[in-house]
Amino acid sequence: MGCLCEASTSCNATSPCHTPPGGGYFCGPFLISFPYWTDAGKPVLKGDDPNVKGAFENCVLDLYCAAKTVRQYMKKFASDCNGDGVVSCVDYVRIHKHGQNGCSAPLTGIFEKQFEECRARLGVI
């Protein structure tokens, strides 16, 4: 989970919501989109309502609620993306980055670099 956060935003807990040049709307330390949050079951902060405007942002801008969103998404869509016969952290990172239907695609660019550097620091296989 930590290396996924590192690869997404250097785990910047104050990372704001933004719309990148390619489109979409991504928020928080894990750069979670509204469809991702919805697929994860729309987790919310205590006392919030998932159907109220702003519930998405309130959750994914909070490190703990955002991590819960990622855990629920991974539980729902766990898959052996790289075909090595094991569902590992690499698969989860690919699912996070490329979605449940695109996780066979390799990681690339700065996201891959930051993930691999974090993984090496922690000795994660």
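These notebook entries record what I looked up in a predicted model of a single structure.

**Entry 1. Confidence**

I began with the confidence of the prediction. The mean pLDDT of the chain is 94, and 99% of its residues reach 70 or more. I then compared the elements: α3 has the highest mean pLDDT, at 98, and α6 the lowest, at 93.

**Entry 2. The nonpolar core**

I next looked up the largest nonpolar core and noted that it has 30 residues. Those with the most contacts inside this core are Phe30, Ile32, Trp37, Val70, Tyr73, Ile95 and Phe115. I asked which helices supply at least two residues each. They are α1 (2-9), α2 (34-39), α3 (55-60), α4 (63-77), α5 (89-98) and α6. Of these, α4 gives the most, with seven residues.

I followed one of the core residues further. Leaving aside neighbours within four places in sequence, tryptophan 37 is in contact with Ile32, Lys42, Pro43, Val44, Pro50, Ala55, Phe56, Cys59, Val60 and Thr69.

**Entry 3. The largest pocket**

I recorded a volume of about 300 Å³ for the largest pocket. Its lining comprises 18 residues, and Phe26, Phe30, Leu31, His96 and Lys97 lie nearest the centre. Two or more lining residues come from each of α1, β2 (32-33), α5 and α6. I noted that Phe30 appears here and also in the list of core residues with the most contacts.

**Entry 4. Glutamine 114**

I located glutamine 114 in helix α6, which spans residues 109-122. What does this residue touch, leaving aside its neighbours within four places in sequence? Glutamine 114 is in contact with Glu6, Ala7 and Ser10. With serine 10 there is a polar contact between the two side chains, at 2.9 Å. I also checked the separation from aspartate 39, which is 75 residues apart from glutamine 114 along the chain. The C-alpha atoms of these two residues are separated by 26 Å.

**Entry 5. Two positive phi values**

I then turned to backbone angles, bearing in mind that most residues other than glycine have a negative phi. Cysteine 11 has a phi near 55 degrees, a positive value. This cysteine lies in the loop between α1 and β1 (26-27). Is cysteine 11 buried, partly exposed or exposed? Its relative accessibility is 28%, so cysteine 11 counts as partly exposed.

Lysine 42 also has a positive phi, of about 55 degrees, although it is not a glycine. I found lysine 42 in the loop between α2 and α3. With a relative accessible area of 25%, lysine 42 is partly exposed. I had already met Lys42 among the contacts of tryptophan 37.

Terms used: Residues are numbered from 1 along each chain as its sequence is written. This is a predicted model: local features need pLDDT of at least 70, side-chain atom pairs count only at pLDDT 80 or more; totals for chains, interfaces and linings use all residues. Side-chain values use heavy atoms; hydrogens and water are left out. Helices (H or I, at least four residues) and strands (E, at least two) are DSSP runs, numbered from the N terminus. Contact means heavy atoms within 4.5 Å. A polar contact is a pair of N or O atoms within 3.5 Å; within protein, one must be able to donate a hydrogen and the other to accept it, and residues adjacent in sequence count only if both atoms are side-chain atoms. A nonpolar core is a set of buried Ala, Val, Leu, Ile, Met, Phe, Trp, Tyr and Cys residues joined through side-chain atoms within 4.5 Å. Buried means under 20% relative accessible area, exposed over 50%, partly exposed in between (1.4 Å probe, protein chains only). pLDDT is the predictor's confidence in each residue, from 0 to 100. On a 1 Å grid over the protein atoms alone, a cavity is a set of points where a 1.4 Å probe fits but cannot get out, and a pocket is an open set with protein on both sides within 12 Å along at least five of seven lines; lining residues have an atom within 4 Å of a point. Grid points are joined across faces, edges and corners, and a volume is the space filled by probe spheres set on the points.
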